[in-house]
Amino acid sequence: MLVVLVVKDGEQWLRHCLVGLSAQSHPRVGVLAIDNGSTDGSRQLLESALGPDRVIGPDHNLGFAGAVAQALQSDAAKQADYALLLHDDTVLDPGAIAALVEAAERVDGVGVVGPKVVDWDEPRRLREIGRSIDRFGFPYSPLEEGESMREVLYVSWCAMLVATGVWSRIGPPDERLGPVQDDLDFCWRARLSGFRVLMTPKALARHKEASLRGERVGTSSSDRWRYYRERAALASMLKNYGLLSLLWVLPLYLLQGLVRIGLLGIARRFQDAYQVVAAWGWNLAHLPGTVRRRVRAQAVRRVPDRSMRRSMAPAGIRLRRWGQSAVEAVLPRHEEEAEQLSSWGRALRLARDHPVATAWSLAVVVGAIAYHALFRTSPLIGPGLPAFPPTATPFFRELVSGLRHTGLGGTQAASPALGLLGLGSVLTLGSPPLLAKVMLLGLPAVAGATCYRAVRSMVQEMLPAVVAGACYGLSSLVLWGVSEGRIPALVFVAGTPWLATKLFLPFDAEFRVPAARWVVGAGLGLAVLGSFYPGALLASAVLVAAALLTPLPDVRRARGMILFGAALASGALLVFPLALDIVHGGGRALTDMAGRPDFGSLARVSLGTGPGSWPTGFFLPVAAALALVFVSRRSARTAIRAGLAAILGVYLAWFAAAGYLPPPLSNPVAYLTVAALGFSVLVGVGMADLSRQVSRMSFGHRQVGMAALAVVLAVGLAGQALQAMRGAWAVGGPDRIPAAYAAVQAPPGRYRVLWLGRTGGDAFPPPAGLPEGQVAAGAASVRYAVRPMGGASALDTGRPAAGRGYAALEDALEDILSGPTRHGGALLAPFSIRFVVARPADLPVGAARRLSRQLDLDPVPAEGLTIFENAKAPPVASVVPDADWRLAASRRGPGGTEGLTQPHPTPLLPSGQASFAGPPTTVRSLSLLSEQYDGHWRMQGKDGQTMLPPTRAFGWAVGFVSQAQATGFAIRFHGQTVRTVEMWLLAFLWAAALWATRRPTRSG
């Protein structure tokens, strides 16, 4: 019996290992030590204990497998019947070797035996009783209380008894693998060749795992454990699976590996994701060596794969264990308890002991009932839900494009949110409509979960945090967002709890995060939320204001403000150049016209009709007020911040809806989100403090307050859930589009549609989407939106409608609605607006009268919509030969367009994303692109004539006045280089921010 002891810088625990070997009860034990280049006193200790002739010292560190291979070439190893491979940080019980040898000799065909392994510092903590793997080589240790000898798939190197016949048949361990899970490959090969692998609980070993813990000299913490495990798992599969098994296991392994890499990337665990990729790269680079070792392993195979799979962990082992835990949680622990508790009692106890699981279960039930009609509807269509493209490609194409392909065009940069939507579409099987459904139906649950996590970090208790999350997720604001289909706003709502905890942190005494990391992390969060919903900037300002108004030292105020300013700058860099467009647009992107000046509705965080508008919505402010009464001194600062945020949010939302704030500051959605979060935090904090007080004091006003709070929350949450389960959502299927809209889509060609409605309203009917601006014209004042004939597009997510074209359109609308003109069609013609559409009940009477007076706007009979057709409008890209159009294009302002006659345009044919092909012309003509002006457009004749720069047609559009072109011409955009450089810079900034805020590698 020979013990092969492998040592590397283990002086501090090696003495215990040697003492354990000296106390063994087995009569014949020899020890051969391999010192792997130790730099401490390990070599001297070994020589003094064993003698120099029993210590082998290679020139360099061979690793565990290499050291074992060298030891096996010694004469002592060749004469021994068994070799016990041992780590220097493992201590064996006195009878361990005898028990291992007994197990090997009692059972026929045993080649490998391992002991029961416990923790070095806590011997009562069980570490291993043999191991298994799943189909993809990932380890699984059941750690069950089974004190009997069992056959396992593999055991650990820390103490492994190996029969001599194993070496001669399968060869030495694979020296390329390690230090994690290299024992799997060796035992797998032993099993394949016909040997059995056992674990005997009679043998006990204490293992320190010094390398994984980073306690060994020259090693850090196990920051590369995933790399070694993945590397050994894949190599073991490639060597030991049969060819037919590899044909189906390997593709599945690669598929689940890609999913894991994607999830690790989403979680910002980039080092973990890199380790998986690096492990694959290592196996690819070492494939020839793996193939050679595979040939030997398969040559001595005696056991088929189907027999090996019986020792592997079942695919559903984790799911079954979770189900078993859930059943045990529901069922009483003792028969006496079962007799005492009714079914309601067991349900209440389950909710008390497992509030998170209970909340998720109820959320699934409520969601299944509430969304049952939406699950089978595709695509979803709603008032505030823009159309998603059929594939993910348009998201990426629009993101990198130098041109804007929506609204009135121009060169305004797209929001980085398009990149995130494109990646999300890839994850949803390449289907953006499916992504829209997943986001719309799933974001309320995400909002509740983020609120739960935020409150849990404040109160350190689960049940109050769960209730706070339910209040937030079922608030009237969230239900309204789902009903309207407002996905960008819901993204913002879901991220606001995280944003609040992040922004409050620098104002706290407990702030321990490195300032640079906090600035980059907060800036990254602001960039993500702001790219979807720019109004997040207003919400962050309110949150910071609430922190500033809370009593605290001036030093913390100054620190918080400085870091918040730095975070804003960081976030602006990450949405560059969109941030510049928002500034140049006068902050129009921050505006949201939702909501009406009804203080009662806003106080219950309700912005409109539909689910969530019942009076039960008052439960949230009422419950928050009750909870505030019982807040203790320890939670006073958190409660004050939440209360200030809630009060500021409600009043600012009312001022915005009433028109008392400047347009860039008018965003009731942003303010009410802060209010909803403040109310929910108050509920959670108050519940936590109240429950502590109730448990310590006799019956009194606190118990009454707890009962009142419970009643308010039960009635309110039940009422909100009932409204959701009714399923009366404004969002739905194609039937949500008015039937009369077919008249607008009938004419061929590329035109635009102008949607009008009274001020103070919300979204237009589908497919118009959200309003883009307002025009003040007294009693005829309206809100408006300019859309392509297909309606609002998700490509406009987070991007404001701003520029000279929109200013010119508002001037034209003001003349039509309040001026003397009766040629509104001519004023709208340069914008390629073919139709003016409104819902009859939504159009002000004054505006309807003014539109009816226009001589060149023809009413279109349509039930359900008011439609006017403008026959003077040319297509968005066209050649107009009429002289009055050339003359009017050279003037600025609506006064020059009133005399426009009906043109005779020829459409320009798109020949790419940024070019048009024009037909031959025989007269001097105006080539008009009804896109906001940019000087990078060029016209060139097909005969190679010099490129012509554009003129600013009608003061805002792109125009070319050219002589006759006998061979036709082309108009191309030459400004893509600027956008490409911006995109590379943006990609670098996002990569740097993600890397700076990456999560640490998990060990174990």
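## Nonpolar cores

In this predicted model, the largest nonpolar core brings together 125 residues, and the ones with the most contacts inside it are I487, L713 and W729. Helix 32, covering residues 668–696, gives the most to this core, putting in 16 residues. There's also a second, separate core of 88 residues, with V3, V107, V117 and I170 among its members.

W729 is a handy place to look around. Setting aside its neighbours within four places in sequence, W729 is in contact with A370, Y371 and L374, with L479, V482 and S483, and with P611, A724 and R736.

## The overall picture

Zooming out, the protein has 1004 residues, of which 55% count as buried. DSSP-style bookkeeping gives 39 helices and 27 strands. Along the principal axes, the C-alpha atoms fill a box of roughly 115 × 85 × 55 Å.

Sequence separation is worth a glance too: take the contacts between residues at least 6 apart in sequence, and 77% of them join residues at least 24 apart.

## Helix 12 and its two sides

Helix 12 runs over residues 287–299. Its 13 residues should span 18 Å at 1.5 Å a residue, and the end C-alpha atoms are indeed 18 Å apart, so the two figures agree.

Which residues of helix 12 are buried? They are G289, T290, R294 and A297. Looking down the axis of helix 12, the buried residues fall within an arc of 140°, so they line one face of the helix. That fits the usual geometry: an α-helix has 3.6 residues a turn, so residues three or four places apart point the same way. The face turned away from the buried side of helix 12 carries the exposed residues P288, R292, V295 and A299. As for what covers the buried residues of helix 12, the list includes helix 7 (182–192), helix 9 (225–240) and helix 10 (243–266).

Helix 10 is also where you'll find S245. S245 has a relative accessible area of 8%, so it counts as buried, the cut-off being under 20%. Not counting residues up to four places away in sequence, S245 touches D305 and R309.

## A kinked helix

Helix 21 (residues 432–459) has 28 residues. From first C-alpha to last it reaches 39 Å, close to the 40 Å expected at 1.5 Å a residue.

Where does helix 21 kink? The kink, about 40°, lies at G442, shortly before the proline P444. After helix 21 comes Q460, whose phi is positive, near 60°.

## Strand 16 and its partners

Strand 16 (residues 833–838) is mostly covered, with six of its six residues buried. Strand 16 pairs with strand 13 (residues 752–758) in the parallel sense, over five bridges, and L754 has V836 of strand 16 as its bridge partner.

Strand 16 also pairs with strand 18 (residues 866–869), this time in the antiparallel sense and over four bridges. Here the bridge partner of F835 is E869 in strand 18. As background, strands of a sheet pair through backbone hydrogen bonds, either parallel or antiparallel.

## A five-stranded open sheet

Elsewhere, five strands make an open sheet, ordered 20-19-23-26-25, with antiparallel pairing. Why do strand 20 and strand 25 each have one side without a neighbour in the sheet? Strand 20 and strand 25 (951–953) stand at the edges, each with a single partner strand, so one side of each is left open in that way.

At the strand 25 end, strand 25 and strand 26 (residues 957–962) pair in the antiparallel sense over three bridges. A953 stands opposite A957 in strand 26.

## H904, in a loop

H904 sits in the loop between helix 38 (883–889) and strand 20 (906–907). Is H904 buried or exposed? H904 is exposed: its relative accessible area is 55%, and the cut-off for exposed is over 50%.

Exposed or not, H904 has partners from elsewhere in the chain. Leaving aside neighbours within four places in sequence, H904 is in contact with V879, P881 and D882. The C-alpha atoms of H904 and V880 are separated by 6.2 Å, with the two residues 24 apart along the chain.

Conventions. Residues numbered from 1 in each chain as written. Predicted model: local features only at pLDDT ≥ 70, side-chain atom pairs only at ≥ 80, totals over all residues. Heavy atoms only, no water. Helix = DSSP H or I, 4+ residues; strand = E, 2+ residues; numbered from the N terminus. Buried < 20%, exposed > 50% of the residue type's maximum accessible area, 1.4 Å probe, protein only. Contact = heavy atoms within 4.5 Å. Core = buried A, V, L, I, M, F, W, Y, C linked by side-chain atoms within 4.5 Å. Pairing = 2+ DSSP bridges. Expected span 1.5 Å × (residues − 1). Arc of directions from axis to C-beta. Bend = angle between axes of the 7 residues up to and from the residue.
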